[in-house]
Amino acid sequence: MSTFFEHHIRLSGLDVDGRGHCKASALLDHLQNAATLAAEEGGFSREMLIERYGAFWMLARSWYRLSRPLEFEDRLTIRTWHRGSRGALMYRDYDILANGQPVGESVSAWVLASVDAHKLLRLGSITELAGTGGGELCKTMTLAKLRRPDALRTAERRPMRYSDCDINGHVNNTRYADFACDALHMEDLPGGRFLAEMQIGYLAECRPGEVLQIQTGGQGDSRYVCGVDESGKSRFESALFFGEVLS
């Protein structure tokens, strides 16, 4: 038996850029909201996990691919399910529909960490997950660490600020998509092009007051963006792929 959850939204002016295309950070936020609501309906919400297990969900990697840009006032359906609870990593899959038509898909990888020490927990110990997976709906794609290009340049030094943070007290994962898009000057993207695919790896938390060097590399339709702290440690990495808007 398969279990999935559907989340319905209408893209607003807050979701889109100057071209009317949904920003990567907004799409990732809607995907994460769908995951949160699915976990609540499934009985393994953030509040329950903190109370019963002293643990919370942490997003490790995320990826999405679109066949066309999502646009202002599109009516989105995000259909999501998880793949099961073996080991320490749980994959969650998504299908993305706009105005009833399939336009994309997404995969995210999550871990469960203890609140006090952020130690990873084995998901098999969370009995509430049993029997709640997507079954035959599950995708087979896994998210590997990205390959870092040899030559990178520093696009900017970016301070982490209060407005970047969420309920956990560190920079919200969707903000890294904004950092990447800003570093690539998406406002200058040629007409007829759009961000068709993105993968982000969340390597270490950032907090207000820290500063990241945002570095870029890659060529052609593929770009790599990462954030490196003052000690040289990578905090996030991302790969962005651009496609043609089909008429």
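Select helix H3, residues 173–183, and colour its buried positions: Asn 173, Thr 174, Tyr 176, Ala 177, Asp 178, Phe 179, Ala 180, Cys 181 and Ala 183. Buried here means under 20% relative accessible area, exposed over 50%, and partly exposed in between, with a 1.4 Å probe and protein chains only. That is nine of the 11 residues of H3, a helix that is mostly covered. Helices (H or I, at least four residues) and strands (E, at least two) are DSSP runs, numbered from the N terminus.

The model is predicted: local features need pLDDT of at least 70, side-chain atom pairs count only at pLDDT 80 or more, and totals for chains, interfaces and linings use all residues. Residues are numbered from 1 along each chain as its sequence is written, and side-chain values use heavy atoms, with hydrogens and water left out.

**The two helices**

Keep H3 selected and add helix H1, residues 24–42. The two axes come within 8 Å and cross at roughly 165 degrees. Axes are lines fitted to C-alpha atoms, for helices over the stretch in contact, and angles run from 0 to 180 degrees between N-to-C directions. H1 is therefore roughly antiparallel to H3; angles under 35 degrees count as roughly parallel, over 145 as roughly antiparallel, 65 to 115 as roughly perpendicular and the rest as oblique. The crossing of H1 past H3 is right-handed, the term used if the near helix is turned clockwise from the far one by less than a right angle.

Now show side chains where the helices touch, contact being heavy atoms within 4.5 Å. From H1, pick Ala 24, Ser 25, Leu 28, Asp 29 and Gln 32; they meet Asn 173, Thr 174, Ala 177, Asp 178 and Cys 181 in H3. By class, this contact of H1 with H3 has four nonpolar, four polar and two charged residues. Ala, Val, Leu, Ile, Met, Phe, Trp, Tyr, Cys and Pro count as nonpolar, Asp, Glu, Lys and Arg as charged, and the others, Gly among them, as polar. An α-helix has 3.6 residues a turn, so residues three or four places apart point the same way.

Move to the end of H3 and select His 185, just after the helix, where phi is positive at about 50 degrees.

**The sheet**

Select the strands next. In which order do the 10 strands of the open sheet stand? The order is E1-E3-E4-E5-E2-E7-E10-E9-E8-E6, with antiparallel pairing. Two strands pair if DSSP finds at least two bridges between them. Strand E1 (5–10) and strand E6 (153–159) are the edges; each has a single partner strand, so one side of each has no neighbour in the sheet. From one strand to the next the twist averages 25 degrees.

Bring the helices back. H1 packs on the sheet, touching E1, E2, E3, E4, E5 and E7, and its direction makes about 140 degrees with that of E1. H3 lies across E2, E6, E7, E8, E9 and E10, running at about 130 degrees to E7.

**Along the strand pairs**

- E2 and E7 (residues 193–202): five bridges, antiparallel. Arg 61 stands opposite Gly 201 in E7.
- E6 and E8: six bridges, also in the antiparallel sense. Look for Arg 158 opposite Leu 212 in E8.
- E8 and E9: seven bridges, antiparallel. Thr 216 faces Val 225 in E9, and Gln 213 has Val 228 as its bridge partner. Two residues lie between the strands of this hairpin, where Gly 220 takes a positive phi near 60 degrees.
- E9 and E10: seven bridges join these antiparallel strands. Ser 222 has Phe 241 in E10 as its bridge partner. This hairpin has five residues between its strands, and Gly 232 in the turn has a positive phi of about 95 degrees.

Recolour E9 by burial: five of its seven residues are buried, leaving the strand mostly covered.

**Loops to finish on**

Select Glu 73, in the loop between E2 (55–66) and E3 (75–82). Although not a glycine, Glu 73 has a positive phi of about 70 degrees. Glu 73 counts as partly exposed because its relative accessibility is 41%.

Next is Asn 99, in the loop between E4 (89–98) and E5 (101–114). Phi of Asn 99 is positive, near 55 degrees, in a residue other than glycine. Its relative accessibility is 45%, so Asn 99 counts as partly exposed.

Last, select Gly 135 in the loop between E5 and E6. Is Gly 135 buried or partly exposed? Gly 135 is partly exposed, with a relative accessible area of 41%. Add Gly 84: the two glycines are 51 residues apart in sequence and 8.4 Å apart in space, C-alpha to C-alpha.
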